[in-house]
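This report examines the packing of secondary-structure elements in a single protein chain. Please view the sequence together with the coordinates before reading on.

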Amino acid sequence: EYKVTLLDAGANKINVIKALRSVTTLSLGDAKNGAENVPFVVSEAAPKDEAQKIKKTLEEAGGKVELA
């Protein structure tokens with residue numbers, strides 16, 4: 001299991017917020033808060049495949065993500 005952490009939302013926070021909402025059940029306000037207050041733990045214990053999918057989605061949106 002992996003801990004997925006958003007380290008930086010990058011220059012295009014709106015895309016990262018949309019990506020956060022697509023890979024989690026966060027509300028718009030919670031996703032915006034997470035993108036603005038990094039580091040933000042996206043998932044505490046995601047299986048490897050899911051963690052890599054979340055990382056790929058957030059990185060494609062412009063975010064910087066760490067798996068631990």
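Which residues does Lys 64 touch, not counting residues up to four places away in sequence? Lys 64 touches Thr 5, Leu 6, Leu 7 and Asp 8, where contact means heavy atoms within 4.5 Å.

## Basis of the model

This is a predicted model, in which local features need pLDDT of at least 70 and side-chain atom pairs count only at pLDDT 80 or more, while totals for chains, interfaces and linings use all residues. Residues are numbered from 1 along each chain as its sequence is written, and side-chain values use heavy atoms, with hydrogens and water left out.

Helices (H or I, at least four residues) and strands (E, at least two) are DSSP runs, numbered from the N terminus. Buried means under 20% relative accessible area, exposed over 50%, and partly exposed in between (1.4 Å probe, protein chains only).

## Strands β1 and β3

Lys 64 lies in strand β3, which spans residues 64-67. With a relative accessible area of 52%, Lys 64 is exposed. Its C-alpha atom is separated by 14 Å from that of Lys 53, the two residues being 11 residues apart along the chain.

Thr 5, one of the residues touched by Lys 64, belongs to strand β1 (residues 2-8). Thr 5 has 8% relative accessibility and therefore counts as buried. Setting aside residues up to four places away in sequence, Thr 5 touches Pro 39, Phe 40, Val 41, Val 42, Lys 64, Val 65 and Glu 66. Pro 39 sits in the loop between α2 and β2, and the peptide bond that leads to Pro 39 from Val 38 is cis, with omega near 0°.

## The segment after β3

Ala 68 is found in the segment after β3. Ala 68 counts as exposed, at 58% relative accessibility. Apart from its neighbours within four places in sequence, Ala 68 is in contact with Glu 1, Tyr 2 and Lys 3. The C-alpha atoms of Ala 68 and Ile 54 are separated by 13 Å, with their positions 14 residues apart along the chain.

## The two sides of helix α1

In helix α1, the buried residues are Val 16, Ile 17, Ala 19 and Leu 20. They cover an arc of only 165° around the axis, which puts them on the same side of α1; the arc is that of the directions from the helix axis to the C-beta atoms. Ile 14, Lys 18 and Ser 22 are exposed on the other side of α1. The cover over the buried residues of α1 includes β1, α2, β2 and α3.

Ala 19 is buried, with a relative accessible area of 6%. Not counting residues up to four places away in sequence, Ala 19 touches Thr 57, Leu 58 and Ala 61. Its C-alpha atom and that of Ala 68, 49 residues apart along the chain, are separated by 20 Å.

## Contact of α1 with α3

The axes of helix α1 (residues 13-23) and helix α3 (residues 48-60) come within 8 Å and cross at roughly 160°. This makes α1 roughly antiparallel to α3. Axes are lines fitted to C-alpha atoms, for helices over the stretch in contact, and angles run from 0 to 180 degrees between N-to-C directions. Angles under 35 degrees count as roughly parallel, over 145 as roughly antiparallel, 65 to 115 as roughly perpendicular and the rest as oblique.

From α1, Val 16, Ala 19, Leu 20, Ser 22 and Val 23 meet Ile 54, Thr 57 and Leu 58 of α3. The residues of this contact divide into 6 nonpolar, 2 polar and no charged. Here Ala, Val, Leu, Ile, Met, Phe, Trp, Tyr, Cys and Pro count as nonpolar, Asp, Glu, Lys and Arg as charged, and the others, Gly among them, as polar.

## Helix α2 and its contact with α1

The axes of α1 and α2 come within 9 Å and cross at roughly 125°. That makes α1 oblique to α2. Lys 13, Ile 17, Leu 20 and Arg 21 of α1 make the contact with Leu 28, Ala 31, Lys 32, Ala 35 and Glu 36 of α2. These residues divide into 5 nonpolar, no polar and 4 charged.

Within helix α2 (residues 28-36), Ala 31, Gly 34 and Ala 35 are buried. Seen down the axis of α2, its buried residues fall within an arc of 95°, so they line one face of the helix. The buried residues of α2 pack against β1, α1 and β2 (40-46).
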